[in-house]
Amino acid sequence: MTFLSRFSRRSQMTAVIVLLAAVCLAGWTGCHSTPVTGRRQLLVVPEKQEVAMGVDAYGEILAKEKLSTNQQYIDMVNRVGKRIAAVADRPDYDWEFKVIASEQQNAFALPGGKVAIHEGILPICQNEAGLAVVMSHEIAHALARHGGERMSHAALQTGIQKGVQFATRQRSESEQKVILSAYGVASQYGVMLPYSRKQESEADHIGLLMMAKAGYEPEEAPRFWERFAGAKGGDSPAEFLSTHPADQRRADDLRALLPKAMEEYSKAGTRHGIGEYLAR
Ligand SMILES: [Zn+2]
């Protein structure tokens, strides 16, 4: 007779949940915090593994995509990327900046410093500072390990569901459903969704200070998001827009952070202002 089987299924289920909650509160959340904003976060995937996954995924994506041949785009993305990388405090990253030949209005940065910009978003960037807004925002997601955080939450959620499934195996269907959907709903609406909004504004915050440190005028950040909100039309869907709702609050929050960003900008080694404009 095993130790666990001496307890009822209900108390086994309670034990699983209490254990997961205790591990989460006592250990994991205390071990990591985000750069700049200092928020404590739940991370169960080792960073080394996250970086290895990022590097692999980047290679796979680039192998499938056509790269841009527009030399102005390539030069600008590399110039802005290198300036941001220089203030990102991650000398261990093997930074890479690529332009993908696609009309998608999108951009991404993976752990390990692997950054890609789709051609389609560049006309909305308009200039180097606008491009710095997009790149520093995406790089901030990687630096703050937001993807790792999402993976960790998903792993924890699966763990709880497995525990509940095990404990409720012999209960009625409807009771199972109630418990499972209660956890599903709690995770989806109580943790997952508000969290990603938090991650978005966190990436805005970290990104704004980073672009200022890199010598780009931070006032361009709220201006970019307003431009972007107005650029919904066009032939191609704005993927970046669907994951980055460019509402007025976003621009307002960025404007509230401008005094701090201007402080960083005034201390920047070289100030580039808005930088070069993109040819139309
Ligand atoms: Zn984002």
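**Note on the predicted model**

1. Start with one residue. Asp 75 is exposed, because just 12 other C-beta atoms lie within 10 Å, and the cut-off for exposed is 12 or fewer. The model is predicted. Asp 75 sits in helix α3, which covers residues 71-86. Val 99 is 24 residues away from Asp 75 in sequence, and the two C-alpha atoms are 9.6 Å apart in space.

2. Next, confidence. The mean pLDDT of the protein chain is 77. A pLDDT of 70 or more is reached by 69% of the residues. Two stretches call for care in reading. Over residues 15-22 the pLDDT stays under 50, and the model has seven contacts there beyond four places in sequence. Residues 171-195 also have a pLDDT below 50. That second stretch has 15 contacts in the model beyond near neighbours in sequence.

3. The overall make-up is as follows. The protein chain has eleven helices and five strands. It has 280 residues, and 35% of them are buried. Take the contacts with a separation of 6 or more: 72% of these join residues 24 or more positions apart.

4. Now the interior. The largest nonpolar core holds 48 residues. Those touching the most other members are Ile 84, Leu 131, Ala 132, Met 135, Ile 139, Met 210 and Met 211. Helix α5, residues 128-143, gives this core its largest share, ten residues.

5. Which residues does Met 210 contact, leaving aside its neighbours within four places in sequence? They are Ile 84, Val 87, Ala 88, Ser 136, Ile 139 and Ala 140. Of these partners, Ile 84 belongs to α3 and Ile 139 to α5, and both appear where those two helices meet.

6. The pairing of α3 with α5 deserves its own point. Their axes are 10 Å apart, and the helices pack at an angle of about 55°. The two helices are therefore oblique to each other. Their crossing is right-handed. On the α3 side, the meeting residues are Met 76, Val 77, Val 80, Gly 81 and Ile 84. On the α5 side, they are Glu 128, Leu 131, Ala 132, Met 135, Ser 136 and Ile 139.

7. A second helix pair is α8, residues 220-229, with α10, residues 248-256. The angle is about 175°, and the axes are 8 Å apart. So α8 is roughly antiparallel to α10, since the angle is over 145 degrees. From α8, the contact uses Ala 221, Pro 222, Trp 225 and Glu 226. From α10, Arg 250, Ala 251, Leu 254 and Arg 255 take part.

8. Two backbone angles are worth checking. Most residues other than glycine have a negative phi. Val 36 is not a glycine, yet its phi is positive, at about 70°. Val 36 lies in the loop between β1 (32-33) and β2 (40-41). Val 36 counts as partly exposed because it has 17 C-beta neighbours inside 10 Å.

9. The other case is Arg 145. Its phi is near 55°, again a positive value in a residue other than glycine. Arg 145 is in the loop between α5 and α6 (146-167). Is Arg 145 buried or exposed? Arg 145 is buried, because 22 other C-beta atoms lie within 10 Å, and 20 or more is the cut-off.

Key. Residues numbered from 1 in each chain as written. Predicted model: local features only at pLDDT ≥ 70, side-chain atom pairs only at ≥ 80, totals over all residues. Core = buried A, V, L, I, M, F, W, Y, C linked by C-beta atoms within 7 Å. Helix = DSSP H or I, 4+ residues; strand = E, 2+ residues; numbered from the N terminus. pLDDT = per-residue confidence, 0-100. Axes fitted to C-alpha atoms, helices over the stretch in contact; angles between N-to-C directions. Parallel < 35°, antiparallel > 145°, perpendicular 65-115°, else oblique. Left-handed = near helix turned anticlockwise from the far one by under 90°.
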